[in-house]
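Q: I have a model open and would like to go through it piece by piece. Mind if I fire off some short questions?

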Amino acid sequence: MTRSEWDPTRGRQGRAWRALVKQLCPPGSLCERPVCLYPELDRVIVFGLRRNHPHGPSLDHIVRLADGGHPTARWNLRPAHFGCNAGWRRDAPPTERPRSRDWPPLDLS
Ligand SMILES: [Zn+2]
């Protein structure tokens, strides 16, 4: 893979990355991070959720990009929950936020 095919500055997004997630983290995958943030899920990665749901699929870099890890090589990737991968704080477990249309209507009176 050449540099033009993968721009590390773009981060974990885009069609190429999603195709890789689909390939390396298929339905039935388990979160392989040493510490999973969602013990209640028993490491099961949940599929069919909205994109970027914390329980949904993602790929974790075994050697972090910041430490010079390869962004797309299979040997540097393992299945992980999106939320585990994003490294969200434990003290603020991600919850379903109300969608904008669920906000109470403005009181214009
Ligand atoms: Zn996890």
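Q: Which residue in strand 2 is the bridge partner of histidine 61?
A: Leucine 77 is the partner of histidine 61. Bear in mind that this is a predicted model.

Q: What else is known about how strand 1 and strand 2 pair, parallel or antiparallel?
A: The two strands pair in the antiparallel sense, over 5 bridges. Further along, leucine 59 stands opposite proline 79 in strand 2.

Q: And is strand 1 largely enclosed or not, and why?
A: Strand 1 is largely enclosed by the rest of the structure, because 4 of its 5 residues are buried. Strand 2 is mostly covered, with 4 of its 5 residues buried.

Q: Stepping back, what secondary structure does the chain have?
A: It comes to 2 helices and 2 strands. Read from the N terminus, the order is α-β-β-α.

Q: How much of the chain counts as buried?
A: Of its 109 residues, 17% are buried.

Q: What share of the contacts join residues at least 24 apart?
A: Counting contacts between residues at least 6 apart in sequence, 58% join residues at least 24 apart.

Q: Which residues make up the largest nonpolar core?
A: That core has 9 residues. They are Val21, Cys25, Cys31, Leu37, Ile45, Leu59, Leu77, Ala80 and Cys84.

Q: Take isoleucine 45 from that list. What is it in contact with?
A: Setting aside neighbours within four places in sequence, isoleucine 45 is in contact with Cys25, Ser29, Leu30, Cys31, Gly56, Pro57, Pro79 and His81. Of these, Cys25 and Cys31 are also listed in the core.

Q: Next is valine 46. Where does that one lie?
A: Valine 46 lies in the loop between helix 1 and strand 1. Leaving out residues within four places in sequence, its contacts are Leu41, His55 and Gly56.

Q: How far is valine 46 from proline 57, C-alpha to C-alpha?
A: The distance is 6.8 Å, and the two residues are 11 residues apart in sequence.

Q: Why does valine 46 count as partly exposed?
A: Because 15 other C-beta atoms lie within 10 Å of it. A residue needs 20 or more to be buried, and 12 or fewer to be exposed.

Q: Same loop, then. Where is glutamate 32, and what does it touch?
A: Glutamate 32 is in the loop between helix 1 (14–24) and strand 1 (57–61). Not counting residues up to four places away in sequence, it touches Arg78, Pro79 and Ala80. Glutamate 32 is partly exposed, because it has 18 C-beta neighbours inside 10 Å.

Q: How far apart are the C-alpha atoms of glutamate 32 and leucine 59?
A: They are separated by 9.4 Å, with their positions 27 residues apart along the chain.

Q: Where does tryptophan 17 lie, and how far is it from leucine 59?
A: Tryptophan 17 lies in helix 1. Its C-alpha is 9.1 Å from that of leucine 59, although the two are 42 residues apart in sequence. Tryptophan 17 counts as partly exposed because 17 other C-beta atoms lie within 10 Å.

Q: Backbone angles now. What is the phi of aspartate 42?
A: Aspartate 42 has a positive phi of about 60°, although it is not a glycine. Most residues other than glycine have a negative phi. Aspartate 42 sits in the loop between helix 1 and strand 1.

Q: What about the phi of asparagine 52?
A: Asparagine 52 has a positive phi too, of about 70°, and is not a glycine. Its place is in the loop between helix 1 and strand 1.

Q: Are those two buried or exposed?
A: Aspartate 42 counts as exposed because it has 9 C-beta neighbours inside 10 Å. Asparagine 52 is exposed, with 11 other C-beta atoms within 10 Å.

Q: On to glycine 69. Where is it found?
A: Glycine 69 is in the loop between strand 1 and strand 2 (77–81). Residues up to four places away aside, it touches His61, Ile62, Val63, Arg64 and Asn76. It is partly exposed, with 14 other C-beta atoms within 10 Å.

Q: Last topic, confidence. What does the chain average in pLDDT?
A: The average is 81, and 72% of the residues score at least 70.

Q: Where is confidence lowest and highest?
A: Helix 2 (residues 82–86) is lowest at a mean of 89, and strand 2 is highest at 96.

Key: Residues are numbered from 1 along each chain as its sequence is written. This is a predicted model: local features need pLDDT of at least 70, side-chain atom pairs count only at pLDDT 80 or more; totals for chains, interfaces and linings use all residues. Two residues are in contact if their C-beta atoms, placed from the backbone, lie within 7 Å. A nonpolar core is a set of buried Ala, Val, Leu, Ile, Met, Phe, Trp, Tyr and Cys residues joined through C-beta atoms within 7 Å. Two strands pair if DSSP finds at least two bridges between them. pLDDT is the predictor's confidence in each residue, from 0 to 100.
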